[in-house]
Amino acid sequence: MSEPLIARMREFGTTVFAEMTALAVRTGSVNLGQGFPDTDGPPAMLERAIEAIRGGANQYPPGPGVPELRQAISEHRKEHYGLAYDPDGEVLVTVGATEAIAATVLAVCEPGDEVVLFEPYYDSYAAAVALAGAVRRPVTLRPVAGRFTFDPAELRAAVGPRTRAIIVNSPHNPTGTVLTRAELEEIAAVCAERDLIAITDEVYEHLTFDGVEHIPLATLPGMRERTVMISSSGKTFSATGWKVGWICAPPALTGAVQTVKQFLTFTAGAPWQLAVAHALRHELPWVAALRQDLQTKRDRLAAGLRAAGFDVLPPSGTYFVQTDIRPLGFTDGLTLARELPALAGVVAIPTQVFYDRPEYGRHFVRFAFCKKDEVIDEAAARLASLGKGAPRTG
């Protein structure tokens, strides 16, 4: 039989997360690769899910999402950002943010259309663009004064006659940068001038540090009407396995995404939706405590990484810290990531796999700090051996 997988998806294969997680299991390494917490979310939210299951919420919920959750999402957008979204027509519940991104790209892009995205990027973006038969146009984020940012001239140069949309992820995975108002204004200006749809991935919206503010692109003048605003419960409430996400957008865009989404998963699990509705209304103080805890964990891991010899670029948000491996004598992150379990008993993610042009990220490796303190401390202790060895060239 000939190769069954369509040509445009053959570059993807097994994700780096699956490879590194399998490596961690096989070697007994501390896994600081994939970004999921090792503790559960707010207890009352978990109990609400159990109550919903026992109460019979086990059949198909409405396609757009249960009304209680859509109303809670609408209230949350209004309270936190001053954005008014009608829960009946401008809010759509999805199976996590990953489905929301894929359904949006599939809904708005014809084959041959171009999508601008910032590299390094979350790996599902490239796959969603490929599924749509569209073309990626990357704009590189580079460290400047200790944080990752982009050159506005490069952004403008990436936009052409076939550009349909731009994907904006802030707080940003995998760099941990949080886009400033000035940076967002540059993006908004390009969207307005070139009539682009903005697809914003804001799953880490509540997980910013050091008083850094998350500013949704949709709050900027003229952007609400052209933005598909995406978030989810997974990161906010430490329930990544529930896969409850959502979009907020004008009716035409919401309707377009729902047209696609209904033939992907039809709807998301009802018990989790009801629990997330409770969480959005009652558990944000728990999230505030989580945010402070994560900031402490960030600093804890960063100190261990510096002691091991890495050059650390502290993130302003998310679960992740980027490191430059060159001070340790390494030059290729993928090689180091594959050798790290044997060298130090730790698993991380090579950042270069998130680039269209991997040479720009070859010297970066990403570590996750959304773990228990004892796990972080054990990883730091193991990594300390790296700085004691001879420089490597891999």
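**Exercise 1. Find where Ala-145 sits, and work out whether it is buried or exposed.**

Ala-145 is found in the loop between strand S5 (142-144) and strand S6 (147-149). Keep in mind that you're looking at a predicted model.

- Step 1: Look up the relative accessibility of Ala-145, which is 86%.
- Step 2: Compare it with the cut-off: exposed means over 50% relative accessible area.
- Step 3: So Ala-145 counts as exposed.
- Step 4: Now check the backbone. Most residues other than glycine have a negative phi. Ala-145 isn't a glycine, yet it has a positive phi of about 55°.

**Exercise 2. Do the same for Asp-195: which loop holds it, and is it buried or exposed?**

- Step 1: Asp-195 lies in the loop between H7 and strand S8 (197-201).
- Step 2: Its relative accessible area is 55%, so Asp-195 is exposed.
- Step 3: Asp-195 also has a positive phi, about 55°, although it is not a glycine.

**Exercise 3. Work out what kind of peptide bond leads into Pro-120 and into Pro-174.**

- Step 1: Start from the usual case: most peptide bonds are trans.
- Step 2: Go to the bond from Glu-119 to Pro-120. Omega is near 5° there, and the bond is cis.
- Step 3: Place Pro-120 on the chain: you'll find it in the loop between strand S3 (114-119) and helix H5 (123-131).
- Step 4: Move on to Asn-173 and Pro-174. They're joined by a cis peptide bond too, with omega about 20°.
- Step 5: Pro-174 has its place in the loop between strand S7 (163-169) and helix H7 (181-194).

**Exercise 4. Describe how helix H4 and helix H8 pack.**

- Step 1: Know what to look for. Two packed helices are described by the angle between their axes and the distance between the axes.
- Step 2: Read off both values for H4 (residues 96-108) and H8 (residues 251-261): the angle is about 105° and the axes are 8 Å apart.
- Step 3: Classify the angle. From 65 to 115 degrees counts as roughly perpendicular, so that's the word for H4 and H8.
- Step 4: List who meets whom. H4 brings Glu-99, Ala-103, Thr-104, Leu-106, Ala-107 and Val-108, while H8 brings Leu-253, Ala-256, Val-257, Val-260 and Lys-261.
- Step 5: Sort these contact residues by type, and you get eight nonpolar, one polar and two charged.

**Exercise 5. Compare the surroundings of Thr-254 and Gln-71.**

- Step 1: Thr-254 lies in helix H8. With a relative accessible area of 2%, Thr-254 is buried.
- Step 2: Leaving out residues up to four places away in sequence, Thr-254 touches Gly-89, Glu-90, Val-91, Leu-92, Ile-247 and Ala-249.
- Step 3: Gln-71 lies in helix H3 (residues 67-81). At 31% relative accessible area, Gln-71 is partly exposed.
- Step 4: With that sequence limit again, Gln-71 touches Pro-87 and Arg-281.
- Step 5: Zoom in on Gln-71 and Pro-87. They're 16 residues apart along the chain, and 5.3 Å separates their C-alpha atoms.

**Exercise 6. Now zoom out: how compact is the protein chain?**

- Step 1: Take stock of the parts: the chain has twelve helices and 15 strands.
- Step 2: The radius of gyration is 21 Å, close to the 21 Å from the globule rule for 394 residues, so the chain is as compact as a globular protein of that length.
- Step 3: Add the overall span of the C-alpha trace along its principal axes, about 60 × 55 × 50 Å.
- Step 4: Finish with burial: buried residues make up 57% of the 394.

Key: Residues are numbered from 1 along each chain as its sequence is written. This is a predicted model: local features need pLDDT of at least 70, side-chain atom pairs count only at pLDDT 80 or more; totals for chains, interfaces and linings use all residues. Side-chain values use heavy atoms; hydrogens and water are left out. Axes are lines fitted to C-alpha atoms, for helices over the stretch in contact, and angles run from 0 to 180 degrees between N-to-C directions. Helices (H or I, at least four residues) and strands (E, at least two) are DSSP runs, numbered from the N terminus. Angles under 35 degrees count as roughly parallel, over 145 as roughly antiparallel, 65 to 115 as roughly perpendicular and the rest as oblique. Contact means heavy atoms within 4.5 Å. Ala, Val, Leu, Ile, Met, Phe, Trp, Tyr, Cys and Pro count as nonpolar, Asp, Glu, Lys and Arg as charged, and the others, Gly among them, as polar. The radius of gyration is taken over C-alpha atoms; the globule rule is 2.2 Å times the number of residues to the power 0.38. Buried means under 20% relative accessible area, exposed over 50%, partly exposed in between (1.4 Å probe, protein chains only).
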